[in-house]
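Reader: Before we go through this model, could you set out the entry so that I can follow your reasoning against the coordinates?

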There are 2 protein chains.
Amino acid sequence: MKIYFSCSIRGERPDPETIPMLIGHMKKHGAVLTEHIADILDGDEFDVTDEEIFLRDIAWLGEADVLVADVTAPSLGVGYEIGVAEALGKPVLCLYRGRQRKRLSAMISGNRGLVVREYDKPEEARGFIDEFLKSCVG
Amino acid sequence: MKIYFSCSIRGERPDPETIPMLIGHMKKHGAVLTEHIADILDGDEFDVTDEEIFLRDIAWLGEADVLVADVTAPSLGVGYEIGVAEALGKPVLCLYRGRQRKRLSAMISGNRGLVVREYDKPEEARGFIDEFLKSCVG
């Protein structure tokens, strides 16, 4: 299974411990096309242009079987990728950390086409990932 | 012409003077389906559920001829709507206020399928709106 994982990069920084842990966990289920995110959480990507990032990421999204997005922090890029993945008919899991949460966008929380799950401890997010990815295979 | 206008609502608040001015200006070109945004900038919507907001907004987006988005603030909903509008083949104008800008997502700035314009003074945004909407008609 090919998994596209997405979280805020240039907006609010996500938890630098949780994201690599979630990516490591997803790798038990298949290939995480965007696993480099774990390495750029505190620095962005400096050796590629924005257009190169866009073209690479949109190709990966087209290639992926599923999208897993951490929607804890507001992000134009994550929202964009959810919209594109849904239009392409790909299953989408949106995870958000409840205790850090600002109010989630109604375009996510009100959309029954997405699987939206709130986690408190990062271990709970792993359980939601297992449940979602197994449902995509089965 | 039917215009869908989008900006951050539940994330970072946009400028409460600029947004109503932009909406008023767009109304010279056609119907702004989301003109209620000018009234909820400091209060969100309390009399509808998130699912009702989603279903209403996605229907408006389907009906719209174009999307105009203020992408100054990170927003999952705005990003989602840009992804959906692009998938539906609708022209998209993304405006961001440079002096307030955090780094724009590469999924927006690196995407040649979108018209992206930086403004400093709100009057400049009006000029970009005129230019974009005329190009959609002509």
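Reader: How many residues does helix α3 of chain A have, and what distance does the helix reach from its first C-alpha to its last?
Author: This is a predicted model, in which local features need pLDDT of at least 70 and side-chain atom pairs count only at pLDDT 80 or more, while totals for chains, interfaces and linings use all residues. Residues are numbered from 1 along each chain as its sequence is written, chains are lettered from A and ligands numbered from 1 in the order in which they are written, and side-chain values use heavy atoms, with hydrogens and water left out. Helices are DSSP runs of H or I with at least four residues, strands are runs of E with at least two, and both are numbered from the N terminus. The expected span, 1.5 Å times one less than the number of residues, is 20 Å for residues 50–63 of chain A, and α3 comes close to this with 14 residues and a reach of 20 Å.

Reader: Which residues of α3(A) are buried, and where on the helix do they lie?
Author: Taking buried as under 20% relative accessible area (1.4 Å probe, protein chains only), the buried residues of α3(A) are A:I53, A:F54, A:D57 and A:L61. Their directions, taken from the helix axis to the C-beta atoms, fall within an arc of 95°, so these residues line one face of the helix.

Reader: What covers the buried residues of α3(A)?
Author: Contact here means heavy atoms within 4.5 Å. The cover includes an element of chain B, α4 (106–109), together with three of chain A, namely β1 (2–6), β3 (66–70) and α4 (76–87).

Reader: What rotation superposes chain A on chain B?
Author: The copies are superposed by least squares on the C-alpha atoms of residues with pLDDT of at least 70 in both. The RMSD is 0.0 Å and the shift along the axis is 0.0 Å, for a rotation of 180°. The two copies are therefore related as by a two-fold rotation axis.

Reader: What area is buried between chain A and chain B, and which three residues supply the most of chain A's part?
Author: In contact terms, 33 residues of chain A meet 33 residues of chain B. Buried area is the accessible area (1.4 Å probe) that two parts lose on being put together, summed over both, and here it is about 3,000 Å², with carbon and sulfur atoms giving 64%. Of the area that chain A buries against chain B, 27% comes from three residues, more than from any other three: A:L76, A:Y80 and A:M107.

Reader: Is B:S6 buried or exposed?
Author: B:S6 is found in strand β1 (residues 2–6) of chain B, and its contacts beyond four places in sequence include B:I37, B:V68 and B:E81. Because its relative accessibility is 3%, B:S6 counts as buried.

Definitions and conventions:
Buried means under 20% relative accessible area, exposed over 50%, partly exposed in between (1.4 Å probe, protein chains only).
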